[in-house]
Amino acid sequence: MTPTPVPATPEALAVLRTALDTRLTGPARAWLDDALVDVRAETAPAGRTPPAAASTRTATPAGAAASTRSTVPAWELRFAAAGRHCGHEHADAVRVLLLTEARPGPETLARLYHQGSAAERRAVLHALPHLVDGPEGLPLVADALRTNDTGLVAAALGPYAAAHLDQHSWRHAVLKCLFTQVPVAVVAGLGHRAHGDATLARMLADHAAERTAAGRDVPHDLHRVLALTAQARP
Amino acid sequence: MRIFDPHIHMTSRTTDDYEAMYAAGVRALVEPSFWLGQPRTSPAAFLDYFDALLGWEPHRAAQYGIAHHCAIALNPKEANDPRCVPVLDVLPRYLVKDSVVAVGEIGYDSQTPAEDTALAAQLQLAADHALPALVHTPHRDKLTGLRRTIDVVRESALRPDHVLLDHLNETTVAEARESGCWLGFSVYPDTKMDEERTVAVLKTYGTEKVLVNSAADWGRSDPLKTRRVGEAMLAAGFDEDDVDQVLWRNPVAFYGIGGRLRLDVTPPQGPHEGNSVLRGGE
């Protein structure tokens, strides 16, 4: 499993690329190199001619109602196909790398998320802190947090949510982790945001009381977050 | 007994079914797109359904140790509804996804010109995406429908050995076999095939290129029928290797044609509290 970058820094991306170079098989590495060529060619600034190596595959709808031909950029087809070419255990990291190279704007990013498989959506969420400075990515985080797919919930709670998610939604996200057994270790900035949060402390205590009343164990992670809330904000 | 159910509609099934299927030996399945019982009224309704087949349903399956793949298509029944047909334009976007291993289920329902068009178009899409196609044979006027299906397959760009003809029975198996396509048998409690008749067909025609499925959905059906066929095969004198060929190796070979099959799924943490999808608020 190639780790996905948590800190939103260029250094993290360099570490990611090095890890992929080490772990991918020869054909997978070659596929990734070709994919990055496609990305650079298709996302080149206006006025620059894309290199001849770039290929745009035309996806032709052959249906009765297909009166138009839609063209999907080759790099987006690569983004969809990363799992079968690089191995599913490396697909998140490969997709994050493609996204950070392509640097799509918030609209394209939202389209890739909404048209993506669960794995593609996860990659978009991981890439948010690298690609979106403001709150424009929050609807994607909110969408992921509405699901009960634990992979999406975990991916939504990275550094982007730590920086932008409002406190009410963030508290509910932490509680949802406890409900769905997502380890709170995945929540970026947990200590920073939990410190001194009396409302979160109250919600955690209520949840603990509810579980105890039902004769169920209180998860260890609940005590961990509760302890963090007791500390003063730095 | 390791089992690959090559045709089952898990969207319509409960987590109890996943649990029972795992206990019976099911480790992988393909969920083809189909009619939901309630007619759809727009392409958007298909998109939500396809997204579930690419997200929620594999997540649910993985919690029970079952690898979930899907086949994407406009189904034959709704190919007749002009409100639904534009979804054909969107299919290419889905056919590139990692867990989409086939185009399907396509084929005939009432054998109309609109179904001719949708079938031909989607066989072409399968060829364009280097995927096999799951082609359902109609419930009404079945033999005529089979012949018409085989004609359209022969005229298409898709090789017959990249086509699975499903819902076959004693009246259609011989001609289906002659076509060079793979042969699918759906085993139901009341309709379609049953265990004993399936075993009789296997005795006559052999185990090569034969797949057995439960086609379980929202109707009277049983997701453990694959296992029951395996047991009936053993009772009738087939050996374990024959059973493995029909219930595992044949579906793996057919759905592996596109190079996207992934069979190494392990449950993330095990089922929540042992018996439920992770939902919270238990």
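**View 1. Bridge partners in strands E6 and E7 of chain B.** Within E7(B), B:Trp182 is the bridge partner of B:Leu164, in a predicted model where local features need pLDDT of at least 70 and side-chain atom pairs count only at pLDDT 80 or more, while totals for chains, interfaces and linings use all residues. Strand E6 (residues 163-166) and strand E7 (residues 182-186) of chain B run parallel and are joined by two bridges; strands pair if DSSP finds at least two bridges between them. Residues are numbered from 1 along each chain as its sequence is written, chains are lettered from A in the order in which they are written, and side-chain values use heavy atoms, with hydrogens and water left out.

**View 2. The open sheet of chain B.** Eight strands (E, DSSP runs of at least two residues, numbered from the N terminus, as are helices, H or I, of at least four) follow the order E1-E2-E3-E4-E5-E6-E7-E8 with parallel pairing. Strand E1 (3-5) and strand E8 (210-213) of chain B are the edge strands, each pairing on one side only.

**View 3. Helices H1 and H5 across the sheet strands.** Helix H1 (residues 15-24) of chain B lies across E1, E2 and E3, running at about 130 degrees to E2(B), where angles run from 0 to 180 degrees between N-to-C directions of axes fitted to C-alpha atoms, for helices over the stretch in contact (heavy atoms within 4.5 Å). Helix H5 (residues 113-128) of chain B lies across E4 and E5, at about 165 degrees to E4(B).

**View 4. Buried residues of helix H2 in chain B.** Among the buried residues (under 20% relative accessible area, 1.4 Å probe, protein chains only) of H2(B) are B:Phe46, B:Tyr49, B:Phe50 and B:Asp51.

Definitions and conventions: Buried means under 20% relative accessible area, exposed over 50%, partly exposed in between (1.4 Å probe, protein chains only).
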